[in-house]
Amino acid sequence: MHLRPVSFHPARGNKRMRELILKGTSLYRDKHSKGTVSDDGVLRPVKLSKKELYKAPTVEELNQLKEAENLFHCSILKMQMEELLKEVALSEHRKKLVDSFVQQITDFLQCVPESELDDISWLAGVEVPFLLVPSTAKGKFHMEPPASISLVGSYPLGTCIKPKVSVDLAVTIPASILHPMDAINQRYSRKRALYLAGLARHLSFAKCVGSLHYSCLHGNRLRPVLLLKPPGNDSSKVTLRIHAIPPPDFLKPSRFHPQKNNIRTEWFTGVANTQPESSEPPTPHYNSTVLGDHLPLSHLQFLSAISAQCPAFGEGVALLKVWLRQRELDQGAGCFCGFLASMLMAYLLSTHKVGKTMNPYQLLRNALHFLACSVLVASPCLSFSFLLLQPSLPEFHAAFSVVFVDPSGHLNLLADMTVFTYKRIQHEASLSLTFWDDPTVDGFQALLMTPKSMLRTYDNVFKLVNLVKLQTSCKKLLLLNELMDHSGNYVLTALPFVLSLLQRGLGERIHLLVHSLPQDPEWPVDSAPPKHKDQPPLSIGLLLNLEHALSVLERGPPADNPKAAEFRQLWGSLSQLRRFQDGAITEAVLWSGNSISHRRFIVLKIINHLLELHADIPKSCIIVAGGQLDDVINHTTGEEESLEVVQSYDDLSRKLWQLKDLPLSITSVQGAHQALRYTQVFPPVPVRLDYSFFEKKKNRLGLVPKENNPCPCYIAPIKVIVHMEGSGKWPSEPMAIRHVKAAFHICLRELLCNQHNYRCHATPGYLDVWKDGLVFRIQVAYHREPQILRESLTPEGMLIYRDNAEAQALELETLHKPFLTSTLHGLQQQYGCFGVVCRLAKRWLASQFLLEDIREEATDLLVASLFLHPAPFTPPSSPQVGFLRFLHLLSTFDWKNNPLIVNLNGKLTAVEQTDIKNDFVASRESLPTMFIVTPNDKKVSVWTKEAPSVQMLQRAVMLAAESLRVLETRLDSGEKQDMRVAFRPPLEAYDVLIHLDSKQVPLLAKAVDPPVNTFQRGTHGGQPYASGGALPVIDYDPVRLYLSELRDAFGDLALFFYDPYGGTVIAVLWKPNAFEPKPFKTSLMNARRVKVNDDVATTVPNVEAILQDFRIIGEGLVKRLELRTEKWVV
């Protein structure tokens, strides 16, 4: 459900927001003409005079403030609720349209002609909306006008909401058409379908009807409905659903007792049955279907009486319906529809669980609290009243998984709901209350305005395709009685049993198992009804428990335990007796999984095995909508590589601490590289050099590749910051401090070489250490250096402090980066897939040429916010769902009017977060376009201070929205799809493409679409040496160096874009003002030529020379230039 938040959400910068804040106050009358929103949509605080600021509130205002204080977190929530209710309520114009359309249809239906029928030839051009399984049934039928026509459902009750407006019209079948024995063997249901087809035939001649379709009420094939829409532009404004119902007193409710049978086995199977009728199995679902058709009018009367007692009833139900719709729980087979929402609210009112004077928000909260805490899957159940002739609670629970008995005491309103759907509702209600009670969460936006699709909500989503295989499952699971009860619908018959099987097998690996609700089919009246096998694929969603989800061992009971037989029966041949280190001998199942990325597929293996073993569903019918993104980061998700880097770093850190003979002691050793927080897209891999590829340098310290060899493999230095202790011996001059640090680098090199035989290379700025096939770049830091860089003397000799770029850059490298690395390292330990989601997010940004604008640290914080502030979801437990949420966050967050607060370690209180938001609004114009707040960075946003620009952020938002749409469409298709399409950049918008020689691209193998054959780059397999050996070529990427030269030379004329992970194209975009003629100046002739018009000399870019320079600067690297547009011609 997509609602328009513009009218009430402050993040949209709408001027109406100011009016809402002041509406109903005395200030509104005086100040309503003064907006608080600038033309660019940025919110600004209201400026009030002192008299207005301290004006005494009226009595009405005091009452409103007291109500807001007692019932809501803040006054804005109250106004948001009111605006939402206005947004979803039907306008008077819409109501007039509905009333007019209903009246026209009612008048037309009164003229249905009477006819005696022997066959269905009279339905020329109209099909009967019923699957005839079995093909024949006893009975006679003729056509008559309806006995009565009544509005039922949400529209007359006043709880109908937009955007999808459905109005229910109950057409009563005349009693003469029906027979007292029609309750058995689908006779009533077939006559109902025939009568509906007769109405469709009659309505096909009506000019007031725009379109005619059939559908089913909540996926129940025994309850077809007729869908009518008005003609012309009004067709999208309302849908009229015509229900054919029997006369209220047609059959006695006692006939539809849950334990009674109304489908005979002999009729359904066509096989003679020698058993007495009393031995027939009960048909509770069929009984509830027929009984449900008898009660719409009495239910409407009951709900109308309840709603009259509670003024906020309609609005409370409307809010609950919005909440259900955002979670895709209000439509399909076994859903919690709007009618059930009304019944639940009526139950709470009639049992005094909520008060009649409560407002809509209170009713919603109490309804969610009841759903979260109630247990409808076992006694007690929901029930309004019980009489002697009504079924007992145990009888209802014996027949149904979930029980909610209606006011008559005979009908279970939740007969079609599975226990898994109800647990999903419970989980969502509990989660919603948790977020609503958190003052740091915008509960309204998260819970009522954010759609929760299955793909973005659950960690793993599996598609069950080729549903006709469930017929075989019914036979394998011996579900003939249940199949009869569901009138041959093998999908709904097998689904609960298949899910129960998976629940047993997955056990502690999951927190929650849910399934999509089979959607209501819709088809033209001149077409046959779709068969069960034609349904779209079923989705099975899992919330993983990462403590157990990736375990390779499924340990069962001891061999002599009676439950061992059950365990063997469940797992079949995979179950084996195993002896464990504690001496126990138990049944166990061992799954293969060499890496974490492989172990993520253990859940899929379990599902495949159990369904094939117990339900005859082959592996080809189960498609995983996830795990397909791992290929983009080279078939593994990098956890093992990152762990190897961390272990090597820990060893180096320990050896640095233990170094002797240092002039000053080390106070801290901190990692400042992405790999040490598990977020490097491609973590450094230990390499063993192939010395035949290189020539040694003259000083024998390092290597260079032989002439004509490809560019050597890229070896990234892993930055480590070493802080030395403070001492009076440290100089107070910046240059002297640099000399002392250079001396420390030399000293560290000598000590590491002598004590640990590491090959090292010292420079004034850093020390490179070659260890375990990795390069660590050690940088010595002095804690007072940033402060000293800020010191300066005035001409009068006064010492002052001035911030400068050099001090900020040093602080960023030696303080902010190490702190961020250690904090996010801890986050990875808490959430196992944090690092993988970061890597996917950065790989996508890099592939779309955005990683230089949204830098890597900012991306890590964006992803961290998904785990620390997941509302309305739970923290991601799989790479795919985390990546989809990252795209959603990037594309939907209101960067213009809100800071993104990432509360690392939970250090920011609710009050501090409020102050941060207020300060942000007050200073918006001077703050970066993307503003990210952390506990250590509340006012500057150090990681986004320089970039992205407004234009690049807009492009990132647009690309994220489109990539999300493409990915979700492909993942939801039920077919195996190429997920790399979302990682391929659109190149149409660029003016020039510089194609590079792939031989000189060191990370070519990491490209989105890597070539089949890659180049040998000076490494070979085998265990790298722990120490010794020659230094490799470190941090050498010729493409990056070429790009730097291009920007230095032509940065004022063009923008250059590149994928740093194996890209073979540099995209060039001319700046819009680059080709404007400028006055001739000899100092501004770089890459320009003179143009004379009317004796006035101006300069314009010399494009031909610039392109030639591209080739000259990139000689040996540039393969060719491709000119994509003619915009550069002047």
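Begin with the whole surface: the protein exposes about 50,000 Å², of which carbon and sulfur atoms supply 53%, with areas taken from the Shrake-Rupley method and a 1.4 Å probe. This is a predicted model, in which local features need pLDDT of at least 70 and side-chain atom pairs count only at pLDDT 80 or more, while totals for chains, interfaces and linings use all residues. Residues are numbered from 1 along each chain as its sequence is written, and side-chain values use heavy atoms, leaving out hydrogens and water.

Next, colour by burial: buried residues, those under 20% relative accessible area (exposed is over 50%, partly exposed in between; 1.4 Å probe, protein chains only), make up 55% of the 1130 residues.

Now show the salt bridges, each a side-chain nitrogen of Lys or Arg within 4 Å of a carboxyl oxygen of Asp or Glu; a search of the whole structure finds 42 of them.

Select glutamate 428 and lysine 452, whose closest N and O atoms are 2.8 Å apart in a salt bridge. Glutamate 428 is buried at 3% relative accessibility, and lysine 452 is buried at 3% as well.

Move on to aspartate 972 and lysine 463, which meet in a salt bridge at 2.6 Å, N to O. This pair links distant parts of the chain, 509 residues apart. Aspartate 972 is partly exposed at 44% relative accessibility, whereas lysine 463 is buried at 4%.

Then select lysine 938 and glutamate 912, joined by a salt bridge of 3.6 Å, N to O; lysine 938 is partly exposed at 34%, and glutamate 912 is partly exposed at 29%.

Notes:
Helices (H or I, at least four residues) and strands (E, at least two) are DSSP runs, numbered from the N terminus.
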